[in-house]
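Let's take a guided walk through a protein model, going from the whole chain down to single residues. Keep the picture in view as you read.

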Amino acid sequence: MRITKEKKQENYDRIIATASELFRERGFDGVGVAELMERAGLTHGGFYNHFRSKEELIAESTENGLSETLQRYAGYDVLDVMELYLAREHRDGRGQGCTAAALSCDAARQPEETKAVFAAGIDKLVRAVEGGIAQHHASDAGGRAQAIAILAQAVGAIVLSRACPDDSPLADELLDACRTDCRDAIENRSRKQ
């Protein structure tokens, strides 16, 4: 039975959304195609109507996940983004959280195509942080370097916090210290301008 173009697109979107969430929760190797398709409410065989391989799905769902992160924080002041990003709720909401924090370590072991998608997505995140910092400053000198440092620190804080037991005081200390440091870096830069 043939399906309409609209239904095929709907199925594709559902697969991508499901894969993005499951991959963030469990990593690329922690999710099989059969389970993914079942969670998406589709048959295993239908997977190959949309993707040549799991690697192709990984690249496309990664791009989607990184775009979701950008959209989630669009319109917020960069200081508010740091508060939201470096919060326990984000740390605990792995499946709905930042793809960079959830999957960067997995991406390092993926083919170049996936790494290229990550690099492009990370660059967009850096540019978004840089743009947010620029709204606080008259000059943009050093803005990209600072944006890279802040993004790396924020992502690293989430990664390290998630590596700690849920009830570990260190899990919260990591988030609190980095949230304060990122805020100070942004605010101190604005005082120097």
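In this predicted model, residues 24 or more positions apart account for 68% of the chain's contacts with a separation of 6 or more. The chain has 193 residues, and 42% of them count as buried. Its C-alpha atoms fill a box of roughly 65 × 40 × 30 Å, taken along the principal axes.

What is the chain built from? It holds 9 helices and 0 strands, so to speak a plain α-α-α-α-α-α-α-α-α pattern when you read along the sequence.

## Two annotated stretches

The UniProt record, an unreviewed entry, marks residues 9-69 as "domain: HTH tetR-type". In the model, this span is 67% helix and 0% strand, and its end C-alpha atoms lie 22 Å apart. The record also places a "DNA-binding region" at residues 32-51, again in an unreviewed entry. Here the chain is 35% helix and 0% strand, with 14 Å between the end C-alpha atoms.

## The nonpolar core

In soluble globular proteins, nonpolar side chains tend to be buried together. The largest nonpolar core in this model has 44 residues, and those with the most contacts inside it are Phe23, Leu36, Leu57, Met82, Tyr85 and Leu86. Which helices supply at least two residues of this core? They are α1 (5-26), α2 (33-39), α3 (54-73), α4 (78-85), α6 (99-107), α7 (112-134), α8 (143-163) and α9 (169-192). Helix α8 gives the most, with 7 residues.

Let's zoom in on Leu36. Leaving out residues up to four places away in sequence, Leu36 touches Ile15, Thr18, Ala19, Leu22, Val31, Phe47 and Leu57.

One of those partners, Ala19, lies in helix α1. Is Ala19 buried or exposed? Its relative accessible area is 0%, so Ala19 is buried. Beyond the residues up to four places away in sequence, Ala19 touches Leu36, Leu57 and Ser61. Ala19 and Leu57 are 38 residues apart along the chain, while their C-alpha atoms are separated by 7.9 Å.

## Two more residues to find

Thr114 is found in helix α7. With a relative accessible area of 1%, Thr114 is buried. Its contacts, not counting residues up to four places away in sequence, are Glu55, Ile58 and Ala59.

Now look for Lys8, in helix α1. Lys8 counts as partly exposed, at 39% relative accessibility. Lys8 touches Ile3, Asn49 and His50, with residues up to four places away in sequence left out. From Lys8 to Glu63 there are 55 residues in sequence and 19 Å in space, C-alpha to C-alpha.

## How helices pack

Helix α7 takes part in both of the pairs below.

| Helix pair | Angle | Distance between axes | Crossing |
|---|---|---|---|
| α6 and α7 | about 150° | 11 Å | left-handed |
| α7 and α8 | roughly 115° | within 8 Å | right-handed |

Between α6 and α7, the contact is made by Thr99, Ala100, Leu103, Ser104 and Ala107 of α6 and Lys115, Phe118 and Leu125 of α7. Between α7 and α8, the α7 side of the contact includes Ile122, Leu125, Val126 and Ile133. On the α8 side, the contact residues include Gly143, Ala147, Ile148 and Leu151. Leu125 is worth finding in the picture, as it is listed in the contact with α6 and in the contact with α8.

## The cysteines

How many disulfides does the structure hold? The number is 0. Cys164 is in no disulfide, and the nearest cysteine sulfur, that of Cys178, is 12 Å away. Cys164 counts as buried because its relative accessibility is 13%, which is under 20%.

Why does Cys178 not form a bond with Cys182? The sulfur of Cys182 is the closest cysteine sulfur to that of Cys178, but the two are 6.1 Å apart, so they are too far for a bond; a disulfide needs the sulfur atoms within 2.5 Å. Cys178 is buried as well, with a relative accessible area of 14%.

How values were computed:
Residues are numbered from 1 along each chain as its sequence is written. This is a predicted model: local features need pLDDT of at least 70, side-chain atom pairs count only at pLDDT 80 or more; totals for chains, interfaces and linings use all residues. Side-chain values use heavy atoms; hydrogens and water are left out. UniProt positions are given in the numbering used here, feature names are shortened, and annotations may be inferred rather than shown by experiment. Helices (H or I, at least four residues) and strands (E, at least two) are DSSP runs, numbered from the N terminus. A nonpolar core is a set of buried Ala, Val, Leu, Ile, Met, Phe, Trp, Tyr and Cys residues joined through side-chain atoms within 4.5 Å. Buried means under 20% relative accessible area, exposed over 50%, partly exposed in between (1.4 Å probe, protein chains only). Contact means heavy atoms within 4.5 Å. Axes are lines fitted to C-alpha atoms, for helices over the stretch in contact, and angles run from 0 to 180 degrees between N-to-C directions. A crossing is left-handed if the near helix is turned anticlockwise from the far one by less than a right angle, and right-handed if clockwise.
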